Amino acid sequence: MNEGVTRRPRRSLLLAAGLCGAVALGNIGLGLHRADLLRNQAPTMLGIGMSWGGLPAAARAFRNRAAQLPQTLERTPLAAARSYLLIGLGFWLAGAALVGLAFGGLRRVRSDPHKAGVLASLAPASGMRSDFHWGTLAAYGLGFFLAESMVVLAYAVLAGRSLASDGAGFEPGVGFAISFGVGVLIALVGGFVGASHARRLAIPEATIAILYFGLPIPIVLSFLSRSPFLMMKLGHRLRELVYLSSLLGESRPELGYWLVFAALALALFLGMTIGFVATSSGRFDARFSYERFIASRHVGVFRPGLIVSVLAVLVLGVIPPLILLGIVRAAQAMAERVRIRRLGQTQPLEAARALHELEASAQTPTQLMTAISVGGVGVGVMALIIVLSVMSGFEDDLRQKIVGTHADGVVLKSGESMEDYPEVMARTRNVRGVVGVTPFLMSEGMVAARDIMSGALIKGIDPQSAGSVTDLPRTILPGGDLAWLTKPSSIPIAPDEAALVEEAARTGVGEGEGAPVELLSGIILGRELAAQLRVSVGDRVNLISPLGGAIGPTGPLPKAKAFRVAGIFYSGMYEYDSKLVYVLLQDAADFFNLKGATGVEVKVADVDAARSVMRSILDVLDGYPYRTRDWGEMNSNLFAALRLEKLVMGIILSIIVVVAAGLIVATVIMLVLEKRKEIAVLKALGVPNGGIVKIFLTEGLQIGVLGGALGLIAGLVWCVFIDRVGIRLDPQVYYIHALPVRIVPFQTALAPLVAVMVTFLASLYPALKASQLDPAEGFRSE
Amino acid sequence: MSAPLLEATDIAKSFFLNGERIDVLRGVSIRIEKGDLISLIGASGSGKSTLLHVIGTLDAPASGRLVIQGESVFEMNDAQLAQLRNRSFGFVFQSHFLLPEFTALENVAMPGLIARQDRKSAFASANALLERVGLTSRRDHRPGELSGGESQRVALARALMLQPALLLADEPTGNLDPATAAGIHSLLEEVNRDLGIAALVVTHNEQLAASLPRRLRLQEGRIAAVETC
């Protein structure tokens with residue numbers, strides 16, 4: 001029976017208009033409150049009355065306002081915070097009352113027998129449709145609110161403990177994954193319960209639930225990151241949350257909150273649709289037997305021809321498969337024509353049948369559209385996988401270079417240089433997960449060769465153990481040797497200097513008669529620095545420290561010492577190759593007038609576990625004055641930037657998938673239009689509305705699943721191609737030889753999952769439309 | 001007498017066409033007993049099909065009462081209605097309305113599949129039904145490869161798949177030549193006689209209608225005459 005379609009859009013329209021109006025009013029109020037705001041917002045405010053355009057405008061106004069909030073709060077923190085809270089609460093209650101009134105009114109109209117009668121004569125089934133479900137609203141709202149609070153609380157508990165010294169908690173990433181999973185589950189269940197209670201999607205209820213129960217938490221959290229006062233009041237309780245969000249981008253922890261919010265809203269919606277689909281036939285019925293049977297026949301995506309051709313297009317591009325297809329088709333047609341002609345002469349009936357079959361095998365427009373949709377989803381998934389894998393490759397490369405040059409972690413001592421480094425090394429070496437330790441001394445100075453000078457980071461190392469922690473020995477270019485640091489006499493002397501010495505020896509000027517070449521300590525330079533100074537192995541360079549020399553009449557005098565280049569290294573990171581120089585630990589200590597080392601570098605077995613290993617080292621060393629840092633902490637800005645870049649890239653590329661979802665919407669709508677009569681027949685045969693939804697949802701899902709699978713295969717093929725065959729890059733420009741690629745299983749699996757989810761959501765609308773078709777109308781159209 | 005199979009009271013239905021109200025049904029009452037074989041005749045546009053759709057719960061009336069097997073239909077939700085259509089009604093339309101992607105056998109088995117019978121038993125009973133309508137040899141053909149009469153027989157077999165209580169036929173022979181129509185007709189009568197399935201047959205073929213035991217005539221939205229042989 002007709003499901004009273006006409007009522008629902010009107011009601012949600014009303015709701016949307018009301019909300020837009022409320023936002024507009026708030027915006028105007030803000031604008032009046034602050035004249036300059038009004039001036040800034042004027043263009044956007046024009047669009048408010050017509051659409052949801054008011055929301056971003058309000059958000060901007062809100063942000064401007066929030067930017068001023070800290071100052072306001074600093075002046076009279078408590079009173080101001082309270083007043084803001086009260087204003088917010090007032091708005092909340094007023095909105096709730098408005099919604100209550102609106103829906104109460106609707107219900108009164110419905111229960112008025114006279115008006116209901118009029119209504120029924122226009123749209124008879126509307127009398128059978130139930131009203132606004134308060135229970136559903138409660139399920140959605142509480143589910144969403146609970147999900148949000150669970151993410152925050154569970155995360156604070158799980159990860160917060162990891163900061164405690166017992167180390168019993170989880171890594172921040174793992175803790176977040178667990179709490180986020182729990183939150184998503186709760187939102188799913190909330191959506192499921194709500195929708196199965198109402199036996200429909202109940203979009204108005206969901207909108208209200210998200211706006212009224214979902215929004216406050218991310219808003220408060222966003223405020224938190226903007227207001228020092230709130231940060232002080234609440235921040236320490238939520239420090240882990242703030243920490244994790246700040247990983248996304250130093251200055252934008254809000255991004256993290258809103259992403260989680262969006263994900264939870266999506267989970268709620270998914271739960272709703274699942275609940276609706278599973279229970280719309282009156283009782284819980286998750287079976288898909290005949291629905292799948294019918295859907296498979298309708299779309300027919302699992303045809304070998306379609307699969308092969310889409311895969312070929314994804315892997316080889318459009319043109320080559322097209323040419324190939326053209327050739328194959330032409331050959332087929334020719335063979336078939338010859339066969340039919342030959343049959344025609346002997347068996348005309350057989351020939352007619354063959355001709356008929358040939359015509360029947362031609363594709364219908366919908367089938368073609370289906371193939372294109374599969375390809376669209378495939379392209380999106382493939383692009384997502386390739387780009388994310390290449391970005392991971394770059395990240396990996398960067399990490400490799402950073403961790404290869406520096407260590408996985410360092411042990412430092414507060415306030416002074418570490419004179420007891422042998423003991424620290426001995427104790428550190430025994431910690432589980434530690435693979436190698438080496439002392440180091442780090443300071444800044446200048447390197448000079450003849451009249452060229454450059455600033456440098458001078459690192460004193462122990463050549464014997466350095467190799468166990470960093471990749472230094474492996475990055476020394478041929479012609480040099482790390483071991484020469486300890487045996488400076490082995491360093492070959494540059495020919496021009498040797499000639500000079502010989503000349504001096506012959507003429508008796510300079511070094512003294514027959515003096516051997518001066519024995520200088522060894523130094524190792526980066527490739528870029530060596531090129532800049534125009535030196536190679538065996539040449540002399542001077543290390544200059546601005547301080548540390550004798551005290552002259554105008555203060556400390558610079559100190560210089562000559563070294564001989566014992567080797568040149570190439571780490572692949574321009575910053576290191578142009579700035580780092582290595583000398584013997586003892587030489588560095590002497591040169592800088594220091595004792596011992598700056599600290600101890602540590603290599604761990606599993607780079608990703610560096611943080612926890614460093615923490616246990618700190619435990620072994622009894623904490624203060626020692627402290628430890630891992631590579632992630634030392635380069636947090638860089639990796640945060642990379643992560644944000646990847647996230648944004650992922651979101652941008654997901655737009656391709658969304659465009660493909662548009663294709664699916666179009667395809668399924670076409671299917672629905674094409675199958676109107678059959679939908680009527682199916683309803684007459686006893687398929688409930690939920691069954692119709694399931695059929696068309698399955699059709700969209702089949703497209704999505706196949707597209708996702710093909711995209712996954714094609715993406716992996718491309719990644720393997722890039723990895724094995726390689727795409728050359730100019731190392732002078734990119735400082736890397738070939739496009740790096742690393743397949744991360746999790747993110748690779750995520751891409752097709754996102755695609756399937758998007759297609760699920762995309763086919764929901766046409767599926768709902770199909771279920772609302774009036775069967776009598778379908779028969780009448782005949 | 002026991003409760004009737006179906007009782008429709010004061011069914012009214014209007015359409016709006018270009019803002020004008022057209023009253024198609026103006027208070028129709030029908031009572032169908034178990035095993036009845038009724039013809040519903042009337043001029044084109046007299047509302048025969050609409051009445052059939054209302055009785056088949058495919059369309060909602062503006063007012064009236066419809067009680068089927070003791071249950072008031074307008075108090076049921078969509079799922080219950082779907083189940084009612086699945087189990088208690090068999091529909092045969094003027095045009096066969098078979099699903100074009102499925103073979104004759106699959107089409108006949110469809111109501112069983114919708115009722116969540118397992119495929120094997122559904123196909124077994126569908127086979128038996130195809131045999132009954134004499135189309136075993138055409139079982140793997142799609143509707144596009146069947147003639148009009150064959151399609152209509154497949155449609156009849158599909159309507160009988162779950163042994164409904166009431167067969168609703170909307171001009172089942174309207175598109176067929178007289179000889180084929182007669183064949184379909186005798187099949188209908190046979191089904192009614194052998195299986196005890198009640199049938200309401202909409203037709204404007206007076207001759208065919210005359211051969212059925214009970215005749216209803218719809219005129220200007222009302223039952224004008226009830227004739228019983």
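Q: What counts as a salt bridge here?
A: A salt bridge is a side-chain nitrogen of Lys or Arg within 4 Å of a carboxyl oxygen of Asp or Glu. Keep in mind that this is a predicted model.

Q: Ok, which side chain meets A:R297 in a salt bridge?
A: That of B:E106, with 2.7 Å from N to O. This distance fits the rule, because the cut-off is 4 Å.

Q: How many salt bridges are there across the interface of chain B and chain A?
A: The rule finds three. It also finds six residue pairs in polar contact across the interface of chain B and chain A, both residues being at pLDDT 80 or more.

Q: And which elements of chain B give two or more residues to the side that touches chain A?
A: They are β1 (6–17), α2 (78–88) and α3 (104–114) of chain B. The largest share comes from α2(B), with six residues.

Q: What kinds of residues make up that side of chain B?
A: There are 21 nonpolar, five polar and 10 charged residues on the side of chain B that touches chain A.

Q: How much area do the two chains bury between them?
A: About 3,400 Å², with 63% of it on carbon and sulfur atoms. The contact takes 36 residues from chain B and 40 residues from chain A.

Q: New topic. Which residues touch the most other members of the largest nonpolar core?
A: A:F696, B:L6, B:I32, B:M110 and B:L166, out of 154 residues in that core.

Q: What is B:L6 in contact with, leaving aside neighbours within four places in sequence?
A: Its contacts include B:I30, B:I55, B:V67 and B:F89, as well as B:I32 and B:L166.

Q: Where does A:W484 belong?
A: To a second, separate core of 64 residues, which also includes A:I452, A:L584 and A:F591.

How values were computed
Residues are numbered from 1 along each chain as its sequence is written. Chains are lettered from A and ligands numbered from 1 in the order in which they are written. This is a predicted model: local features need pLDDT of at least 70, side-chain atom pairs count only at pLDDT 80 or more; totals for chains, interfaces and linings use all residues. Side-chain values use heavy atoms; hydrogens and water are left out. Contact means heavy atoms within 4.5 Å. Buried area is the accessible area (1.4 Å probe) that two parts lose on being put together, summed over both. A polar contact is a pair of N or O atoms within 3.5 Å; within protein, one must be able to donate a hydrogen and the other to accept it, and residues adjacent in sequence count only if both atoms are side-chain atoms. Helices (H or I, at least four residues) and strands (E, at least two) are DSSP runs, numbered from the N terminus. Ala, Val, Leu, Ile, Met, Phe, Trp, Tyr, Cys and Pro count as nonpolar, Asp, Glu, Lys and Arg as charged, and the others, Gly among them, as polar. A nonpolar core is a set of buried Ala, Val, Leu, Ile, Met, Phe, Trp, Tyr and Cys residues joined through side-chain atoms within 4.5 Å. Buried means under 20% relative accessible area, exposed over 50%, partly exposed in between (1.4 Å probe, protein chains only).
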